Amino acid sequence: MIEFRIDRHSGVSTYLQIAAQVKQAMRMGLLGPGDKLPTAREVVEATRVNPNTVLKAYRELEHEGLVEGRRGMGTFITASLATDAARGPLQQDLDQWMGRAVDEGLSSDEVDAIYTDVRSAHY
């Protein structure tokens, strides 16, 4: 089951954060076709956001063809965004690098800055 983390200070709309977290879980292979998303009520209880915000995020995902709402049953993943690279050696390398960053005392902001700099150099 996915756990949503809402950053109220990020400047990103809450519904977009929810949708992005679902897509990220799909890319990482944590959610796949047939998996059920938490109900709006469950998300509201866990995050204290407005139920309409959750429903808007789910509608956005449905519009993108990633999920399907089934009346009385819930919202289900209908597509896969997972790639072999997401679960393979690259992820292991990144996990080891992240461990070294933590061991060296880097903050998450410092890690984000390094990642953004390296990504920008390659993309």
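The paragraphs below go through this predicted model, from its overall layout to its pockets and a few single residues.

The chain has 123 residues, of which 28% count as buried, and its C-alpha atoms fill a box of roughly 50 × 35 × 25 Å when taken along the principal axes. Its secondary structure comes to six helices and two strands, and a reader who starts at the N terminus meets these elements in the order α-α-α-β-β-α-α-α. The domain assignment divides the chain into domain 1, residues 14-77, and domain 2, residues 84-122, and the centres of these two domains, taken over C-alpha atoms, are separated by 27 Å.

A record also bears on the N-terminal part of the chain. In an unreviewed entry, UniProt lists residues 12-80 under the label "domain: HTH gntR-type". Over residues 12-80 the model is 51% helix and 12% strand, while the C-alpha atoms at the two ends of the stretch are 25 Å apart.

With the domains in place, the next topic is the open space in the model. Rolling a probe the size of a water molecule over the atoms shows where empty space is left. The largest pocket holds about 960 Å³ of space, and of the 26 residues that line the largest pocket, L90, L94, M98, Y115 and R119 are the closest to its centre. Two or more lining residues come from each of helix 1 (14-27), helix 4 (84-87), helix 5 (89-103) and helix 6 (108-122). Where does the largest pocket lie with respect to domain 1 and domain 2? Because domain 1 (14-77) and domain 2 (84-122) both give residues to its lining, the largest pocket lies between them. Sorted by class, this lining has 16 nonpolar residues, together with six polar and four charged ones.

The second largest pocket has a volume of about 330 Å³. Its lining is made up of M1, I2 and E3, then A20, Q21, Q24, A25 and M28, and finally L30, L31 and K36. By class, the lining of the second largest pocket has seven nonpolar, two polar and two charged residues.

Single residues can now be placed within this layout, beginning with helix 2, which covers residues 40-47 and contains T47. Is T47 buried or exposed? The relative accessible area of T47 is 7%, and T47 is therefore buried, since buried means under 20%. A polar atom of the T47 side chain lies 2.7 Å from the backbone oxygen of V43.

The chain then passes through R48, a residue in the loop between helix 2 and helix 3. R48 has a positive phi of about 65° although it is not a glycine. With a relative accessibility of 65%, R48 counts as exposed, because that term applies over 50%.

Beyond this loop, helix 3 spans residues 51-63 and includes L61. The relative accessibility of L61 is 0%, so L61 counts as buried. L61 also offers a way to relate sequence to space: L61 and E110 are 49 residues apart in sequence, and from C-alpha to C-alpha they are 31 Å apart in space. L61 falls in domain 1 (14-77) and E110 in domain 2 (84-122), which links this pair back to the two-domain layout described at the start.

Terms used:
Residues are numbered from 1 along each chain as its sequence is written. This is a predicted model: local features need pLDDT of at least 70, side-chain atom pairs count only at pLDDT 80 or more; totals for chains, interfaces and linings use all residues. Side-chain values use heavy atoms; hydrogens and water are left out. On a 1 Å grid over the protein atoms alone, a cavity is a set of points where a 1.4 Å probe fits but cannot get out, and a pocket is an open set with protein on both sides within 12 Å along at least five of seven lines; lining residues have an atom within 4 Å of a point. Grid points are joined across faces, edges and corners, and a volume is the space filled by probe spheres set on the points. Helices (H or I, at least four residues) and strands (E, at least two) are DSSP runs, numbered from the N terminus. Ala, Val, Leu, Ile, Met, Phe, Trp, Tyr, Cys and Pro count as nonpolar, Asp, Glu, Lys and Arg as charged, and the others, Gly among them, as polar. Domain bounds come from an automatic or database domain assignment. UniProt positions are given in the numbering used here, feature names are shortened, and annotations may be inferred rather than shown by experiment. Buried means under 20% relative accessible area, exposed over 50%, partly exposed in between (1.4 Å probe, protein chains only). A polar contact is a pair of N or O atoms within 3.5 Å; within protein, one must be able to donate a hydrogen and the other to accept it, and residues adjacent in sequence count only if both atoms are side-chain atoms.
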